[in-house]
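Here's a quick tour of a single chain, with a look at its inside and at how its parts meet. Have the structure open as you read.

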Amino acid sequence: MPVDWLSSAEILERYRITNTHGGILSHQGGSIDAFRFTHDVLAYNNSRGLAIYDKTEIIKVKYGERGIRAWTSYGNIINAKKIIYCNGYESVNIIKDKFVKLLSTYAIVGERFDGDQSEIQELLVWNTANPYIYLRTTDDNRILIGGGDEPFLDTARRDSLLNQKRIFLEKKLLKLLPAEDPRRTFRTDFAWAGTFGETKDGLPYIGKHPNFPGAYFVLGFGGNGITFSITGMEMVSYMLQGKKHPLEPYYKFRR
Ligand SMILES: Cc1cc2nc3c(=O)[nH]c(=O)nc-3n(C[C@H](O)[C@H](O)[C@H](O)COP(=O)(O)OP(=O)(O)OC[C@H]3O[C@@H](n4cnc5c(N)ncnc54)[C@H](O)[C@@H]3O)c2cc1C
């Protein structure tokens, strides 16, 4: 991966970000409007015949090497040869191994900035602090900053900290902006909290699980889950064809 080492003076000059101790600039990376992307992918495939049942929960599944039977919350029954679980953090409700640590995470996005911030439009910032913060801009010229993770899952407790975390993230942003920067007038437009999953090695769980015959799992945990979903798609299509994928040993359950 092509990278440059930048001193804090270089970071300040190039990106107008201060209070850093230098950093690594990688030219490989990208950002996407994940919500829009997901809807576009679904709409495209729906127009080619893919049936989509939104807001429909799978509440019970019976497994067998000869087939799967799944029940939806509306009482419909689905019979299939295989089932592929992409159910994210909810997977801990069915897989009883301790394979992921669920955390609470926070993010805020500011109001639209009227000025020019093209120097950071293409920049994704991720620091190495614990808890870390990350920063990026949006297509409509806002700044989004997130992090401040807490090591628990309790959603009521998580949401009760939202205001405190908003203030924490606003302070972090102000620390990064130089004294005269016009973006210091930053005002939060939205603040939200979510669940985040961490694995022991930062890698996802993709493949079969011994307790679920006929099922495959694509669980893209971690801060690179969206990238892992592409690998998951490739691996499951290999497995369905009875082929071995070279990444199987690294992503398997009970590794
Ligand atoms: C604030 C935040 C920032 C993040 N930033 C990044 C980032 O910059 N880059 C990155 O790569 N990753 C990032 N991630 C992580 C990324 O979002 C996840 O790794 C990724 O979404 C995991 O994908 P998934 O398909 O495994 O699960 P999910 O996206 O969690 O999808 C699981 C889906 O299954 C559905 N479901 C669960 N149970 C059932 C059921 N019984 N019946 C029907 N449906 C069910 C859920 O409703 C959900 O829609 C971030 C996560 C958070 C919370």
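## The cavity and its lining

In this predicted model, the largest cavity is lined by Tyr-15, Arg-16 and Ile-17, along with Ile-120, Leu-135, Ile-143, Leu-173, Leu-176, Leu-177 and Arg-183. Sort that lining by class and you get eight nonpolar residues, two charged ones and no polar ones. The charged pair is Arg-16 and Arg-183.

How much space lies in the largest cavity? About 40 Å³. With the cut-off set at 30 Å³ or more, the count comes to one cavity.

## Two domains

The chain splits into two domains. Domain 1 is made of two stretches, 35–99 and 202–251, while domain 2 covers 102–197. Put a point at the C-alpha centre of each domain, and the two points sit 31 Å apart.

## Where the domains meet

On the domain 1 side, five residues make contact with four residues of domain 2. Between them the two domains bury about 460 Å², and 70% of that is on carbon and sulfur atoms. Which residues of domain 1 lose the most area to domain 2? Those are Tyr-89, Gly-222 and Gly-223, which together account for 72% of what the domain 1 side buries.

As for polar links, the interface has zero salt bridges by the rule used. One residue pair is in polar contact across the interface, with both partners at pLDDT 80 or more. The side of domain 1 that touches domain 2 has three nonpolar residues, two polar ones and no charged ones.

Terms used
Residues are numbered from 1 along each chain as its sequence is written. This is a predicted model: local features need pLDDT of at least 70, side-chain atom pairs count only at pLDDT 80 or more; totals for chains, interfaces and linings use all residues. Side-chain values use heavy atoms; hydrogens and water are left out. Domain bounds come from an automatic or database domain assignment. Contact means heavy atoms within 4.5 Å. Buried area is the accessible area (1.4 Å probe) that two parts lose on being put together, summed over both. A salt bridge is a side-chain nitrogen of Lys or Arg within 4 Å of a carboxyl oxygen of Asp or Glu. A polar contact is a pair of N or O atoms within 3.5 Å; within protein, one must be able to donate a hydrogen and the other to accept it, and residues adjacent in sequence count only if both atoms are side-chain atoms. On a 1 Å grid over the protein atoms alone, a cavity is a set of points where a 1.4 Å probe fits but cannot get out, and a pocket is an open set with protein on both sides within 12 Å along at least five of seven lines; lining residues have an atom within 4 Å of a point. Grid points are joined across faces, edges and corners, and a volume is the space filled by probe spheres set on the points.
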